[in-house]
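Biologist: I have a model open and would like to learn how to read it. Could you take me through its features one by one?

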Amino acid sequence: MRLDIITIFPDYFAPLGVSLLGKARQRGDVDVHVHDLRGWAHDRHRTVDDTPYGGGPGMVMKPEPWGEALDAIAPSGSTPRLVVPTPSGRPFTQETAVAYAGEPWLVFACGRYEGIDARVIEDARSRMPVDEVSIGDYVLAGGESAVLVIVEAVTRLLPGVLGNADSVSDDSFAPGRMAALLEGPVYTKPPTWRGREVPPVLMSGNHGAIARWRRDQALRRTAATRPDLIARNTLDDADRSTLAD
Ligand SMILES: Nc1nc2cc(Br)ccc2s1
């Protein structure tokens, strides 16, 4: 997978060189290129923003540098998927992450200020798929943090990137598996810590009882914090009994 990231803060992406993704990059599983948008701003001050037409607060990112950057990174005829984080985008979910993990090439546009001139997105749509995605109902100072989130959610799904492949298939939001129940509590050694014991069922060796206990915990946590997710699940009698407790 190739990832291109266009930003006015390239140093923001130093974290992509460490941990699992860093190893994946060293192995050549992921090819990441970070580009400074100011490289395509040709005036003396390398200006990338200007005042908004129609007035209003803040500044808008000028179309010219973006247009030149996208032309240089994705010349006509090449068709990466352009991903533009924005609070007004479609929700980015685990399903989106799974879809993106199957893409050979993603280009990320990191907006700043009040956003990117809308004509940049229109122009890009004329020659490549463009997704405007939101990572949540809050406003950041720019798209860089959102790209870090999206890149982590996507690349951890790539074969070999996450040490334990089972972890991915066992994700609480993994499509098709218990349809997005939240993870229940997890435990490791020591068996007693500050007088608090690990639930005995987890040390019983009874895998059926352990699976039932884990599902009950996931159901209870989901019902308590994300009841909207419960409706997406097909509950059996045992589930309904757990939730009725
Ligand atoms: N939640 C999000 N906030 C923002 C702000 C800017 Br400015 C650009 C992208 C995003 S995604």
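Modeller: Gladly! Let's begin with polar contacts: a polar contact is a pair of N or O atoms within 3.5 Å; within protein, one must be able to donate a hydrogen and the other to accept it, and residues adjacent in sequence count only if both atoms are side-chain atoms. Here, a backbone N or O atom of Tyr138 lies 2.8 Å from a nitrogen atom of the ligand, and a backbone N or O atom of Leu140 is 2.9 Å from a ligand nitrogen. This is a predicted model, where local features need pLDDT of at least 70, side-chain atom pairs count only at pLDDT 80 or more, and totals for chains, interfaces and linings use all residues. Residues are numbered from 1 along each chain as its sequence is written, and side-chain values use heavy atoms, with hydrogens and water left out.

Biologist: How much of the ligand's area does the protein bury?

Modeller: Accessible areas come from the Shrake-Rupley method with a 1.4 Å probe. Taken alone, the ligand exposes 320 Å², and the protein buries 94% of that. Residues with a heavy atom within 4 Å count as near; those around the ligand include Pro85, Thr86, Arg112 and Gly142.

Biologist: What is the strand order in the open sheet?

Modeller: Strands are DSSP runs of E with at least two residues, helices are runs of H or I with at least four, and both are numbered from the N terminus. Two strands pair if DSSP finds at least two bridges between them. The open sheet has five strands in the order 2-1-6-5-7, with parallel pairing. Strand 2 (31-36) and strand 7 (130-134) are the edges, each pairing on one side only. Six bridges join strand 1 (residues 2-7) to strand 2, and Asp4 stands opposite His33 in strand 2.

Biologist: Where do I look for unusual backbone geometry?

Modeller: Most residues other than glycine have a negative phi, and most peptide bonds are trans. Arg46, not a glycine, has a positive phi of about 50°; Arg46 sits in the loop between strand 2 and strand 3 (49-50). A cis peptide bond joins Lys189 and Pro190, with omega about 10°. Pro190 belongs to the loop between helix 6 (165-169) and strand 8 (192-193).
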